[in-house]
Amino acid sequence: MLSLTKEELAKHDGVSSCTIYISIKGKIYDCSSATDFYAPGEPYGVFAGKDVTRCLAKMMFNDEEANADWANLSEEHLTTLAEWIEKFKSKYPVVGNYVPDADFKQRGAKFQP
């Protein structure tokens, strides 16, 4: 299993390498088989190479809250997030774990739940 930092995960964006990894709640999924969704220019391409827990929980289709702690998400957002996690688990293999950096919690705390 891989352990990737924000910088290492960013290399798996479908541009810098042919792999597309997306992290959700600390688990890294290999979404390389879904280039029609996650490749550059595709509907969810902005998520490639990032931890997008907050983005998916809040149904944000941008990366404004990517790579940020999810501890302050609302119950409603956590329910949405659980649905996304089940979807990812059923479609994509887990290849590793996301290693948060020193500012991870601080980045998450600045966003509203």
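Two strands count as paired here if DSSP finds at least two bridges between them. Helices (H or I, at least four residues) and strands (E, at least two) are DSSP runs, numbered from the N terminus. This is a predicted model, so to speak of local features we need pLDDT of at least 70, while side-chain atom pairs count only at pLDDT 80 or more and totals for chains, interfaces and linings use all residues. Residues are numbered from 1 along each chain as its sequence is written, and side-chain values use heavy atoms, with hydrogens and water left out.

**View 1. The whole chain, from end to end.** Five helices and four strands make up the secondary structure. Reading from the N terminus, the elements go β-α-β-β-α-α-α-β-α. Along the principal axes, the C-alpha atoms fill a box of roughly 35 × 30 × 25 Å. The radius of gyration (taken over C-alpha atoms; the globule rule is 2.2 Å times the number of residues to the power 0.38) is 13 Å, which agrees with the value near 13 Å for a compact globule of 113 residues. Of those 113 residues, 47% are buried, where buried means under 20% relative accessible area, exposed over 50%, and partly exposed in between (1.4 Å probe, protein chains only). Contact means heavy atoms within 4.5 Å; among contacts between residues at least 6 apart in sequence, 61% join residues at least 24 apart.

**View 2. The four-stranded sheet.** The sheet is open, with strand order E1-E4-E3-E2 and mixed pairing. Strand E1 (2-4) and strand E2 (21-24) sit at the edges, each pairing on one side only. From one strand to the next, the twist averages 35°; axes are lines fitted to C-alpha atoms, for helices over the stretch in contact, and angles run from 0 to 180 degrees between N-to-C directions. E1 and strand E4 (residues 94-98) run parallel and are joined by three bridges. Across that pair, Leu2 stands opposite Gly96, and the bridge partner of Ser3 is Asn97. E3 and E4 also share three bridges, but in the antiparallel sense.

**View 3. A closer look at Val94.** This residue belongs to strand E4 and stands opposite Tyr29. The two are 65 residues apart along the chain, yet their C-alpha atoms are separated by 4.4 Å. Leaving out residues up to four places away in sequence, Val94 touches Met1, Lys27, Ile28 and Tyr29. How far is Val94 exposed? Its relative accessibility is 34%, so Val94 counts as partly exposed.

**View 4. The E2-E3 hairpin.** Four bridges hold E2 and E3 together, and the two strands run antiparallel. Ile22 stands opposite Tyr29 in E3. Two residues lie between the strands of this hairpin, and Lys25 in the turn has a positive phi of about 50°. Are the faces of E2 covered or open? Both are covered: Tyr21 and Ser23 are buried on one side, and Ile22 and Ile24 are buried on the other.

**View 5. Helix H4 and its two sides.** Helix H4 (residues 75-91) lies across E2 and strand E3 (27-30), running at about 140° to E2. The expected span of a helix is 1.5 Å times one less than its number of residues; for the 17 residues of H4 that comes to 24 Å, and the end C-alpha atoms are 25 Å apart, which agrees. Which residues of H4 are buried? They are His77, Thr80, Leu81, Trp84, Ile85 and Phe88. These buried residues cover an arc of only 145° around the axis, which puts them on the same side of H4; the arc is that of the directions from the helix axis to the C-beta atoms. An α-helix has 3.6 residues a turn, so residues three or four places apart point the same way. On the other side of H4, Glu75, Glu76, Glu83, Lys89 and Ser90 are exposed. The buried residues of H4 pack against E2, E3, helix H2 (35-38) and helix H3 (53-57).

**View 6. Thr53 and its surroundings.** Thr53 sits in helix H3. With a relative accessible area of 0%, Thr53 is buried. What does Thr53 contact, leaving aside neighbours within four places in sequence? The partners are Ser23, Ile24, Lys25, Trp70 and Leu81. One of them, Ser23, is also among the buried residues of E2, and another, Leu81, is among the buried residues of H4.
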